[in-house]
Amino acid sequence: MGIEDLARPEIVAMKPYSSARKEAPGQGILLNANEAPRPLLSQPGRLNRYPEPQPAELVARLASLYDVRPDQILVTRGSDEGIDLLVRVFCRAGQDAIMQCPPTFGMYRIAARTQGADTVSVLRSAGQEFKLDQESVLEAFAGDSRIKLVFLTSPNNPTGDSIGRDFLRRLLELSRNRAIVVLDEAYIEFCASPSASDLIAEYENLVVLRTMSKAWAAAGLRCGSVLAQSSVIALLQRVIAPYPLPSPVLSLALRMLDETMLEQQQLLMQEIRENKGVLIHLLDNRKFIRQVIPGDANFVLVAVDDAAGLLSYCARKGVILRGFPADPLLQNYLRISVGSKPELEKLASVFDAWENGR
Ligand SMILES: Cc1ncc(COP(=O)(O)O)c(C=O)c1O
């Protein structure tokens, strides 16, 4: 059984759209794409022309950064688009399901619902600091043949815990020929353990998601990567928009991935690690804080006495934290991102005021 047998049959059978830029990659007198002959704005990347569908130079740099081959990567508009493509390719409306482990990133469920696929949830328990219940994940997966995609997040948002390789391997073995395991590594750069992308060579049913939104300080760029064997990438290529990456994004992404940036990126990582220590310290010994879950990413999750009250008090003082009013598992919790030192000082003074009766 190959990966194509897991995909929606109509996607496999479909003849994909072939864009003008794909058929003739942009040299010579271009009269094939109904573009304007000259740009009005002079700007790197020839704005009057459609961009390369998957820009070879960017793909090569990202492949080297993420340690995969260029044919094992699809560049997307953030990981959000990767999630959406996966659900659209593998889940049949009204028949298939995704699996997720809440509390977790909300877009898995939204993508499934948009596609008309069901969501099977294996809940994490507050009593266990929201750690993944591995045995329940394996059991739930084994017991539901509708599951086509298992979304795991490492480190998880908003609980910050990471997935061990042993468990990942067990799940990959169990799901071989049956489902895809999607490992969302949006925050992996903040955590001590390495990416699981080296397992891609071994498992056709492993997909790893990476992004420039977090550790590369470029959420505004909308540049994500789906890493998988080329058979999986080819399926996603069938449904991705013809020109996902705007040419200004391409030029900026190439600048970001310049060798000289690596050093700056490392310095930023160091600063965030230090500031995370500052954040955790400022949460110590506060009467209204019941629990701090530090996790492995660039945020912490805290349980507080009056989450809604504190959230709106902080907002009135100009500090915006993340609450989860719609999530029954996280009613008393707030997520705090690691900001700059002055931002954290401000947070500390707002917390002082809240603690001392305003
Ligand atoms: C776990 C996780 N995955 C994916 C994303 C989306 O990333 P991107 O900005 O690349 O779309 C986020 C954003 O917060 C996230 O927390």
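This is a chat between a trainee and a mentor about a predicted model.

Trainee: Why is Ile280 called partly exposed?

Mentor: Count the other C-beta atoms within 10 Å of Ile280 and you get 15. Buried takes 20 or more, and exposed takes 12 or fewer. The count of 15 falls in between, so Ile280 is partly exposed.

Trainee: Where does Ile280 sit, and which residues is it in contact with?

Mentor: Ile280 belongs to helix 10, residues 259-283. Leaving aside neighbours within four places in sequence, Ile280 is in contact with Val292, Pro294 and Val300. Those pairs count as contacts because their C-beta atoms lie within 7 Å. Now take Gln115, 165 residues apart from Ile280 along the chain: 40 Å separate the two C-alpha atoms.

Trainee: Gln115, okay. Which residues does Val87 touch?

Mentor: Gln115 is one of them, along with Ile98, Ala111, Ala112, Ala117 and Leu149, not counting residues up to four places away in sequence. Val87 is also among the residues that touch the most other members of the largest nonpolar core, a set of 83 residues. Leu86, Ile98, Leu149, Val150, Val182 and Val207 are the others named there.

Trainee: What makes Val87 count as buried?

Mentor: Val87 is a member of that core. A core takes in buried residues, so Val87 must have 20 or more other C-beta atoms within 10 Å of its own.

Trainee: Which helix gives the most to this core?

Mentor: Helix 4, with 6 residues.

Trainee: And how do you know that the core lies between the domains?

Mentor: Domain 1 (3-257) and domain 2 (261-355) both give residues to the core, so it lies between them. As for the domains themselves, their centres, taken over C-alpha atoms, are separated by 29 Å. In terms of contacts, 23 residues of domain 1 meet 17 residues of domain 2. On the domain 1 side, those residues split into 15 nonpolar, 4 polar and 4 charged.

Trainee: What about the ligand: how many residues of its shell are nonpolar, polar and charged?

Mentor: That shell has 3 nonpolar, 7 polar and 2 charged residues. Asp80 and Asp184 are among the residues around the ligand, and Asp counts as charged. Helix 4, residues 78-90, gives the most to this shell, with 3 residues.

Trainee: Last one: what makes the length of helix 12 close to the expected value?

Mentor: Helix 12 (residues 341-355) has 15 residues and reaches 21 Å from its first C-alpha to its last. At 1.5 Å a residue, 21 Å is expected, so the two are close. Just after helix 12, Gly357 takes a positive phi of about 75°.

Technical notes
Residues numbered from 1 in each chain as written. Predicted model: local features only at pLDDT ≥ 70, side-chain atom pairs only at ≥ 80, totals over all residues. Near = placed C-beta within 6 Å. Helix = DSSP H or I, 4+ residues; strand = E, 2+ residues; numbered from the N terminus. Contact = placed C-beta atoms within 7 Å. Domains from an automatic or database assignment. Core = buried A, V, L, I, M, F, W, Y, C linked by C-beta atoms within 7 Å.
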